Amino acid sequence: MPELPEVEAARRAIEENCLGKKITKALIADDPKVIDGVSRADFEASLLGKTIVSAHRKGKNLWLRLDSPPFPSFQFGMAGAIYIKGVAVTKYKRSAVKDTDEWPSKYSKLFVELDDGLEFSFTDKRRFARVRLLKDPASVPPISELGPDALLEPMTGDELFESLSKKKIAIKTLLLDQSYISGIGNWVADEVLYQARIHPEQSAASLSKENYGNLHKSIKEVIEKSLEVGADSSQFPSNWIFHSREKKPGKAFVDGRKIDFITVGSRTTAYVPELQKLSGQQAARAGSKQANKRKGHGDGVNDDVNEAASDEEVNGSVQSKKGRKPRGQGKRSSVKRKSKESDDEDNANDSEDDDDDDNDDHHDEDQKNKTRKVTNNKQSKVEKTSKKTVQTSQNSKKMKKAK
């Protein structure tokens, strides 16, 4: 899904190509799920004739300041994207719109033409984004509820130490909390923790002074390096865990070291056990748990994978990975669709693919298959037992008639 680097790349593209230009045409999708709190007609009327003055971002939210309010605001959700015709916004699983591409896209939620002929569009294939028209976007939710932006308002080392030392939850869960620090999503959190050599389940309050320093440095470096290449994931450093996050367990490696997958903060998490180890009491508890598993089941490693999948099933979060993108969101629920675009989504498999959005948890799918197999076996046994009972009853009746 779009995180700070992708949204910032979009903001910079608008800043470089659209400022000072007047909106001469505006088309808003008839999709009240995405277009939040304003009618299509009112939205279009509020944009026409306005000049784009500046582009702003906080966390994963972007908004445009026009020469007078109200202003359009974009919450990117799972697959929101900014496209500027003829301009490469970012190569992070999307690129400039080609002449052969449908334009504007059938997934466009907001389309604008400027007085110099330039056109841009905000699209959302999966309809988890929100597009609003607000008098002051920064002063109302969701932007007003965000914590300091990881790029624009970074904590100092001392501030981070003071803040984390009071939090007794898993460090990754905390990093994903947008009210604590905004802009860090699943892939950024995994990368930051890998580079800092911190286990994602380690309690924030139990981190060492060295951990705090490494974490502070990694947040800064991961965000800055991803922006240096315009959020083009193909140009991310080769020693990043990012490049192997979508591979299957047992086949995922970084620098020759095995990557394992666990669930932290309800999100599938990639980490390297050899380098990211639990410490203190958490390490002792994990060691005791592993020893008990080996004593009872033999191979504790496989049990860990299955247990993670089972835990997700209990919480209703394990979902089939076919037809959906990374980690955590799963398939769309079977709800009534409110627009024509949503009808196309089910069969969509074109080049406008969903963003990273937190990789496929292949071990979750394996676990579901095992569960289905067990269920089918049980159903088969019930059917066989039922048939035997019927047959026995019939034989008994025949014997009575014979007598």
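Two strands are taken to pair if DSSP finds at least two bridges between them. In this predicted model, strand S11 (residues 260–264) and strand S12 (residues 267–271) run antiparallel and are joined by five bridges. The hairpin of S11 and S12 has two residues between the strands, and within this hairpin Gly265 takes a positive phi near 60°. Phe261 has Ala270 in S12 as its bridge partner.

Phe261 also leads to a residue outside the hairpin, since Ser244 touches Phe261 together with Ala252, Phe253 and Ile259, when residues up to four places away in sequence are not counted. Ser244 is placed in the loop between helix H6 and strand S9 (253–254). Because its relative accessibility is 5%, and buried means under 20%, Ser244 counts as buried.

A second serine, Ser46, is found in helix H2 (residues 40–47), and Ser46 is also buried, with a relative accessible area of 19%. Leaving out residues up to four places away in sequence, Ser46 touches Pro70 and Leu133. The two serines are set out in the table.

| Residue | Location | Relative accessible area | Contacts |
|---|---|---|---|
| Ser244 | loop between H6 and S9 | 5% | Ala252, Phe253, Ile259, Phe261 |
| Ser46 | helix H2 | 19% | Pro70, Leu133 |

Turning to the start of the chain, helix H1 (residues 4–17) has 14 residues and reaches 20 Å from its first C-alpha to its last, which is close to the 20 Å expected at 1.5 Å a residue. H1 is mostly covered, with 10 of its 14 residues buried; these are Leu4, Pro5, Glu6, Val7, Glu8, Ala9, Ala10, Arg11, Ala13 and Ile14. The cover over the buried residues of H1 includes three strands, S2 (52–58), S3 (61–66) and S5 (80–84), as well as two helices, H5 (186–196) and H6 (209–228).

Empty space inside the model can be described as well. Rolling a probe the size of a water molecule over the atoms shows where empty space is left. The count comes to two cavities of 30 Å³ or more, and the second largest cavity has a volume of about 40 Å³. Its lining is formed by Ile23, Leu47, Ile52, Leu64, Leu66, Pro72, Phe74, Leu110, Val112 and Phe120. Two or more residues of the lining of the second largest cavity come from each of S3, strand S4 (71–75) and strand S6 (108–114). By residue class, this lining divides into 10 nonpolar, no polar and no charged residues.

Terms used: Residues are numbered from 1 along each chain as its sequence is written. This is a predicted model: local features need pLDDT of at least 70, side-chain atom pairs count only at pLDDT 80 or more; totals for chains, interfaces and linings use all residues. Side-chain values use heavy atoms; hydrogens and water are left out. Helices (H or I, at least four residues) and strands (E, at least two) are DSSP runs, numbered from the N terminus. The expected span of a helix is 1.5 Å times one less than its number of residues. Buried means under 20% relative accessible area, exposed over 50%, partly exposed in between (1.4 Å probe, protein chains only). Contact means heavy atoms within 4.5 Å. On a 1 Å grid over the protein atoms alone, a cavity is a set of points where a 1.4 Å probe fits but cannot get out, and a pocket is an open set with protein on both sides within 12 Å along at least five of seven lines; lining residues have an atom within 4 Å of a point. Grid points are joined across faces, edges and corners, and a volume is the space filled by probe spheres set on the points. Ala, Val, Leu, Ile, Met, Phe, Trp, Tyr, Cys and Pro count as nonpolar, Asp, Glu, Lys and Arg as charged, and the others, Gly among them, as polar.
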